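Visitor: Could you take me through this model step by step, giving the reasoning behind each answer?

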Amino acid sequence: MRRSNGLLGLIGIILLLFAGVAAFLTRGRSPFDLLYIGSHGLVGLFALIAYLSSGLDNLREFVGERSTKYGANTIVSSLLFIVILVAVNYILARNHHKFDLTEAHVFSLSPQSISVVKNLQNDLAIQAFVEGGINPELRDLLTSYADQSSKIKFEMIDPDRQPEQAEKYKVSAYNTIRLEYGNETTTISQPNEENLTNAIIKVTRTTHKTVCMIEGHGEPDIDNAEDAKGFSALKADLANENYEVTKTLLATIDKMPDDCSVVVVVATARPYTDHEIDAIGAYLKKGGRVLFMIPPRINNQFAALLGEWGLKLGNDVVVDQVVRLFQGPALGLAPLANTYAAHDITKDFKQRTIFPMARSVQMDAAGKKGLVVTELVKTSPSSWAESDLEALFQRSEASLDPATDRKGPVSVAAVVDGKLKEMGIGEGESRVAVFGSVEFADNRNIEGTYYNRDLLLNTIDWLVGQSDLVSVRTKTIRASRVQFTQDQGTVIFYLSVLVIPELLLMAGLVVWWRRE
């Protein structure tokens, strides 16, 4: 009977312990929480009182029993184990490291964000004006930035409790983020990683780069967001990275404007004049940076100019009927590419890009000094460069002819790093990038599923010499998730944290007690 009383006392202690744990973790927010806490507390308290009421003599005998000593040792060991767990958690909380196991690492900063943050030279102050001063998701995002650099300090501000701060910085809406870097400041109203990284780029870049888009030949409109074949998305992406995009009517001026950091030439059916081509050539020989987009079936008027820089355009169309965008009877004129050369532009680049209606772009630098030519992007081995354009476009037929067609992989983009002194035409360095497609950069494809935007922006960053921006940008969430209702979450919490551990502890105690 006395041994039964002792077991009753231990069970009472366990019930009270779990009632306390549940109260600490749940704060009694729901009726179920209160039921669990209350029932365990009352039963545990009655069990303990029943044991104590059996008399002090029983207590003394119980304390003096060898089994009680063993039990005390077990409890002390358990408490020591809990103390160690708490200490380990405390240390990990102060020196934590995240492990993002999602497929696309959607809960980690993109390589570009990390690169931008790690290159900060001065302190960056961030004020987040959020309702109630609480926004766990935003705090996690800002913490991710702060973890990458000690130069980033952020604070969460409740504009209702600190109206003077909101007034000082002229903040009138929740979820406004203000960034201050030296004398430069900017604000964003939609806080996500992409906008935040772009804002950091804006405040940290004191000089603006200008992208000059040559016009006058029916080029895609950089201001038309409604047209799928327009370039407005490219313009917006460049603006987000602190580029100024301007239109340049080269036919009406003597030479390329001096403030052009990079020139974009989009070949169309309407040919460039000799004056324009000469101006582009002269610009390159003075250390210029030019991005060419030249699709198939365009008059190859740039052949001589590109030949000087070690490049050759194929009079063909790249076809891939195995790795293509859509299954079915399509000809395969939208090949995918995931083979990239070792280059700053494609460093750590593993994503697929799509090149609709593309021609081949090959290196042709044999015997030319000072040129470093890289075939940057290649399509899959199942592709080929179809040279019978009449059959392709007139009869919708495409088949690999080993005698006339070139078997894949086919290069559809190439870049050139030209050392002018070694070329014997001046001082400095010129850079050229050539893509054998125009559609790969239009509104439909640059913001689509594939990573055309990263490839194109990386190329422009490399052309102008902003290597720290060359990387993979923020990602969309593609990870798998499990959604639980609140009730399901409560059940899982109680089963995993309270009920099952409690039952296991009691079962172990009863077994141990019976053996003793």
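Guide: Let us begin beside one helix, bearing in mind that this is a predicted model. Helix α10 is followed by a glycine whose phi is positive, near 90 degrees, and that residue is Gly287.

Visitor: What distance separates the end C-alpha atoms of α10, and what span should its twelve residues give?

Guide: Helix α10 covers residues 274-285, and at 1.5 Å a residue its twelve residues should span 16 Å. The end C-alpha atoms agree with that expectation, because the distance between them is also 16 Å.

Visitor: Which residues of α10 are buried, and what covers them?

Guide: The buried residues of α10 are Glu276, Ile277, Ala279, Ile280, Gly281, Tyr283 and Leu284. Their cover includes the helices α11 (303-308) and α13 (420-423), together with the strands β7, β8 (289-293) and β18 (429-435).

Visitor: Which residues touch the most other members of the largest nonpolar core, and which helix gives the most to this core?

Guide: The largest nonpolar core has 42 residues, and those touching the most other members are Val211, Phe231, Leu291, Met293, Phe355 and Val377. With seven residues, the helix that gives the most to this core is α15 (residues 452-464).

Visitor: How many residues does the other core have, and which are among them?

Guide: Apart from the largest nonpolar core lies another core, whose members include Cys212, Ala279, Ile280 and Leu313. Two of these, Ala279 and Ile280, were named above as buried residues of α10. The number of residues in this other core is 32.

Visitor: Which residues does Leu291 touch, not counting residues up to four places away in sequence?

Guide: With those sequence neighbours left out, Leu291 touches Val262, Val263, Val264 and Val265, among others. Its remaining contacts are Ala433, Phe435, Leu456, Thr459, Ile460 and Leu463.

Visitor: Is α15 mostly covered or mostly exposed, and what phi does Gly465 take just after it?

Guide: Helix α15 is mostly covered, since 13 of its 13 residues are buried by the criterion of under 20% relative accessible area. Its 13 residues should span 18 Å at 1.5 Å a residue, and the end C-alpha atoms, 19 Å apart, agree with this. Just after the helix, Gly465 takes a positive phi of about 90 degrees.

Visitor: Is Ser261 buried or exposed, and which residues does it touch?

Guide: Ser261 is found in the loop between β6 (243-248) and β7 (262-266). At 18% relative accessibility Ser261 counts as buried, because the cut-off is under 20%. Not counting residues up to four places away in sequence, Ser261 touches Lys209, Thr210, Tyr283, Arg289 and Val464.

Visitor: How far apart in space are Glu241 and Ile201?

Guide: Glu241 is found in the loop between α9 (232-240) and β6, and with a relative accessible area of 3% Glu241 is buried. Although Glu241 and Ile201 are 40 residues apart in sequence, their C-alpha to C-alpha distance is 6.3 Å.

Visitor: Which residues form the nonpolar patch on the surface, and what accessible area do they have together?

Guide: One member of the patch, Ile75, lies in helix α4 (residues 66-94), and Ile75 is partly exposed, with a relative accessible area of 44%. The patch is formed by Ile75, Leu79, Phe81, Ile82, Leu85 and Val86, and their accessible area together is about 570 Å².

Visitor: How many helices and strands does the protein chain have, and what share of its residues is buried?

Guide: The protein chain has 16 helices and 18 strands. Of its 516 residues, the buried share is 45%.

Terms used:
Residues numbered from 1 in each chain as written. Predicted model: local features only at pLDDT ≥ 70, side-chain atom pairs only at ≥ 80, totals over all residues. Heavy atoms only, no water. Core = buried A, V, L, I, M, F, W, Y, C linked by side-chain atoms within 4.5 Å. Buried < 20%, exposed > 50% of the residue type's maximum accessible area, 1.4 Å probe, protein only. Helix = DSSP H or I, 4+ residues; strand = E, 2+ residues; numbered from the N terminus. Contact = heavy atoms within 4.5 Å. Expected span 1.5 Å × (residues − 1). Patch = residues over 30% accessible without salt bridge, like charges linked within 9 Å, V, L, I, M, F, W, Y side chains within 5 Å. Areas by Shrake-Rupley, 256 points an atom, 1.4 Å probe, with all protein chains shown as cover. Salt bridge = Lys/Arg side-chain N within 4 Å of Asp/Glu carboxyl O.
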